[in-house]
Amino acid sequence: METNLQSSSHDEFTFAESWEDKKKRAQEIVKRLINTYPREKILIGEPYKTLIHCIISQRMRDEVTYRVWEELFKKYKDIKTIANTPVEEMQEFLRKNGVGLWKTKGEWIVKASRIILEKYGGKVPDSIEELMKLPGIGRKCANIVLAYGFGKQAIPVDTHVNRISKRLGLAPPKVPPEKVEEYLKQLIPKDLWVYVNHAMVDHGKMVCKPIAPKCDECILQDLCPYFKGQITREDIK
Ligand code: SF4
């Protein structure tokens, strides 16, 4: 199972390590991250609201996303109201609230709501394949809906998870996010998948920052090939 991940030169790690050692290291990393960034309530439990949040959040700051998302559900209440809203009205609502890509996102929100209502009887589908058929829902958002909406074991790979997994040598430095997801899923026990995204996001915001990681303050120093110079910034895509 492990070897099928090695399919091209992009899949090469910059340092030697057996798969078993990598697995042990991955599990220790996740254990420490979960202990450091506990989150009492991981499950939002509302797949539809999670899905709309994810559409709004694309290329947006968290605080703005959250504010707009709250406003949206204050004004429009539920999926039926949103599905019946003209696309232009939703676009105007997003524009007024300072949402980037408001035209596209307004269309996605209304159209995805109509499809969920008409095709799925108002229930958000709970498979990655069906979720990815909805407008505005790529692999990352689909996994976010599964993990945070349904509480299923999934690993959404956003910019933080991508960067940190590569700095920690859990995924090769040049692979695309969907491949990072595959590596993490093979390295980390399934019952911990749902914790990985939030723990790495918190770590990425507070310590392992994009430009200047605070390695001196990091609890993962002894497990980190980036800290040891085995992976450099230039290696990572
Ligand atoms: S040691 Fe540095 S690069 Fe490695 S995980 Fe910690 S902050 Fe990130």
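**How the labels are earned**

Reader: What makes the radius of gyration of the protein agree with that of a compact globule?

Author: Happy to walk through it. With 237 residues, a compact globule would have a radius of gyration near 18 Å, and the protein has 19 Å, so the two agree. Please keep in mind that this is a predicted model. Along the principal axes, the C-alpha atoms fill a box of roughly 55 × 35 × 35 Å, and 37% of the 237 residues count as buried.

Reader: What pattern does the protein follow along the sequence?

Author: The pattern reads α-α-α-α-α-α-α-α-α-α-α, for the secondary structure comes to 11 helices and zero strands.

Reader: Why are α9 and α11 called roughly perpendicular?

Author: Helix α9 (residues 159-167) and helix α11 (residues 193-206) pack at an angle of about 80 degrees, with their axes 8 Å apart. Angles of 65 to 115 degrees count as roughly perpendicular, and α9 and α11 therefore earn that description. On the α9 side, the contact is made by His-160, Val-161, Arg-163 and Ile-164; α11 brings Val-196, Asn-197, Met-200, Val-201, His-203 and Gly-204. By class, the residues of this contact are five nonpolar, four polar and one charged.

Reader: Which residues come nearest to the ligand, and how many are around it?

Author: There are 13 residues around the ligand, and Cys-208, Pro-213, Cys-215, Cys-218 and Cys-224 come nearest. The shell has 10 nonpolar, one polar and two charged residues. One detail helps in reading that count: Cys and Pro count as nonpolar.

Notes: Residues are numbered from 1 along each chain as its sequence is written. This is a predicted model: local features need pLDDT of at least 70, side-chain atom pairs count only at pLDDT 80 or more; totals for chains, interfaces and linings use all residues. Axes are lines fitted to C-alpha atoms, for helices over the stretch in contact, and angles run from 0 to 180 degrees between N-to-C directions. Helices (H or I, at least four residues) and strands (E, at least two) are DSSP runs, numbered from the N terminus. Angles under 35 degrees count as roughly parallel, over 145 as roughly antiparallel, 65 to 115 as roughly perpendicular and the rest as oblique. Two residues are in contact if their C-beta atoms, placed from the backbone, lie within 7 Å. A residue is near a molecule or strand if its C-beta atom, placed from the backbone, lies within 6 Å of it. The radius of gyration is taken over C-alpha atoms; the globule rule is 2.2 Å times the number of residues to the power 0.38. A residue is buried if 20 or more other C-beta atoms lie within 10 Å of its own, exposed if 12 or fewer, and partly exposed in between; C-beta atoms are placed from the backbone.
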